[in-house]
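Please walk me through this structure in the viewer. Tell me what to select at each stop and what is there.

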Amino acid sequence: MFGKGFWWKIMKIGTPKFTLLFGMKNQVYFKEASVKQVDVPTLTGAFGILPAHVPTLQVLRPGVVTVFNDDGSAAKFFVSSGSITVNADSSVQLLAEEAFPLDQLDVAAAKANLEKAQSEMASASDEAARAEVQINIDANEAIVKALE
Amino acid sequence: MFARTSALVFLPQCGQVRNMATLKDITIRLKSIKNIQKITKSMKMVAAAKYARAERQLKPARVYGNGAGALYEKAEIKAPEGVANKHLLIGVSSDRGLCGAVHSNVAKAIKAKIANLTGEGKEVMVVNVGDKLRNILQRTHGSYLLLSCKEVGRKPPTFTDASIVATELLNMGYEFDQGAVIYNRFRSVISYKTDEKPIFSIDTVANSENMGIYDDIDADVLRNYQEFALVNTIYFGLKESTTSEQSARMTAMDSASKNASEMIDKLTLTFNRTRQAVITKELIEIISGAAALT
């Protein structure tokens, strides 16, 4: 009933396929792409994800995501925040709120924004405003660090 | 003499005699229908432009939205059966009409779900995005409405909109266990289908059986993840909904323009016939008048 095709498929699932879905809301960078490794910055620290990584859920912090393709080349993106899911079948969903390739970001603009945000911190009055400015500072610091 | 009386007897007994429409009436009617046709044609063009843009933005949003729901599918997260859990329905539609059956489809699905769930004794609340939905649901199911959002549909929806909805919803403090976002999934230019995407609360996800395999999760991370996933699902519903709405409006305005053209054709024929009848009548009057004098 199952035939040869079924058993062949079973045998092929030796190493789970490591597929990556990486995108932000109006642009998808990798869709069902087979990659070697992904480095992500999360709230609990930066870690790299290889095939057959243990399933986990994480939340991203502002930082650089590096995707290592099968052919060895690496693509870097700056993400503002988002979530990452590693499932049991070794598929990874990296959903970023905003993500841009590093070469689209401008160091000078980031530094200017960082200074402005740091000066706003002094004048921030209540908790919510302070938290917003802190997020601004974090993001800009990460951009500057990534581009240097 | 005999013939005359029999003719009198055979007069039809109609209670209300309709005067034949005068030329003026037909002209007025013709002008107003032509105006309506112009309006519906231009609405169709506008809807076509908006639809093209919405469909373009839908492609990546779809991939993103499916990715967001992947966790729920792969881990097969379900709320515990049998417990009286609280449900939350988020109906996604818009403020504007003239778009076919878009709003009533979502409202019908919501009403059916409410009937099901209350039949099973579960508690339900509804959040609706879009004024039209609120109008439909207010009359019969007003007690279930938790939150209502306006000013939807004028501009294409953004992630910010979805996050505003999610923030307000979470601030309301309604502790739901599971729920669904009910929206119109876009299939093609002429067809869409009312569909739903599941949403779960933090506790449901944390206590679900398959979550054990996911390593290194603490409450904070899970809460952030859940909130992000909620916004994603709402965003996905919004995007699909706008695309379906614009395509439905395009189709509706198209058939309205076609109907208007048909009416214009028929009225033009009636107009010509009436015009010829008026001319004939005048001629007869002139001729019989002249005959009477001679």
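## Starting in chain A

Select residues 105-146 of chain A, which UniProt lists, in an unreviewed entry, as "domain: F1F0-ATP synthase delta subunit C-terminal". The model on screen is a predicted one. This span is 88% helix and 0% strand, and its end C-alpha atoms lie 10 Å apart.

Next, select residues 30-99 of chain A. Here UniProt, again in an unreviewed entry, places "domain: ATP synthase F1 complex delta/epsilon subunit N-terminal". Residues 30-99 are 69% strand and 0% helix, with 12 Å between the end C-alpha atoms.

Now show the whole of chain A. Its secondary structure consists of nine strands and three helices. Followed along the sequence, the pattern of chain A reads α-β-β-β-β-β-β-β-β-β-α-α. Of the 148 residues in chain A, 39% are buried.

## The largest pocket

Select Ser80(A), Ser81(A), Gly82(A), Glu97(A) and Ile135(A). The space to look for is the largest pocket, with a volume of about 1100 Å³. Those five are the closest to its centre among the 34 residues that line the largest pocket.

Which element gives the largest share of the lining? Colour H3(A) to see it: this helix supplies nine residues. Helix H3 covers residues 127-147 of chain A. Strand E4 (56-60) of chain A also supplies at least two lining residues, as do helix H5 (159-171) and H7 of chain B.

## The cavities

Move on to enclosed space. How many cavities of 30 Å³ or more does a search of the whole structure find? The search finds two. The largest cavity has a volume of about 120 Å³. Select Lys50(B), Ala54(B), Pro156(B), Thr242(B) and Gln246(B), the closest to its centre of the 13 residues in the lining. Two elements of chain B, helix H2 (23-74) and H7, each give two or more residues to the lining of this cavity.

## A patch on H7 of chain B

For the last stop, select residues 219-293 of chain B, which make up helix H7, and find Leu283(B) within this helix. Add Ile279(B), Ile286(B) and Ile287(B) to the selection: with Leu283(B) they form a nonpolar patch on the surface. The four together have about 400 Å² of accessible area.

Is Leu283(B) buried, partly exposed or exposed? Leu283(B) counts as partly exposed, because its relative accessibility is 47% and that class lies between under 20% for buried and over 50% for exposed.

Note on methods. Residues are numbered from 1 along each chain as its sequence is written. Chains are lettered from A and ligands numbered from 1 in the order in which they are written. This is a predicted model: local features need pLDDT of at least 70, side-chain atom pairs count only at pLDDT 80 or more; totals for chains, interfaces and linings use all residues. Side-chain values use heavy atoms; hydrogens and water are left out. UniProt positions are given in the numbering used here, feature names are shortened, and annotations may be inferred rather than shown by experiment. Helices (H or I, at least four residues) and strands (E, at least two) are DSSP runs, numbered from the N terminus. Patches are made of residues with over 30% relative accessible area and no salt bridge: like charges are joined within 9 Å, nonpolar side chains (Val, Leu, Ile, Met, Phe, Trp, Tyr) within 5 Å. Accessible areas come from the Shrake-Rupley method with a 1.4 Å probe; for residues, only the protein chains shown count as cover. A salt bridge is a side-chain nitrogen of Lys or Arg within 4 Å of a carboxyl oxygen of Asp or Glu. Buried means under 20% relative accessible area, exposed over 50%, partly exposed in between (1.4 Å probe, protein chains only). On a 1 Å grid over the protein atoms alone, a cavity is a set of points where a 1.4 Å probe fits but cannot get out, and a pocket is an open set with protein on both sides within 12 Å along at least five of seven lines; lining residues have an atom within 4 Å of a point. Grid points are joined across faces, edges and corners, and a volume is the space filled by probe spheres set on the points.
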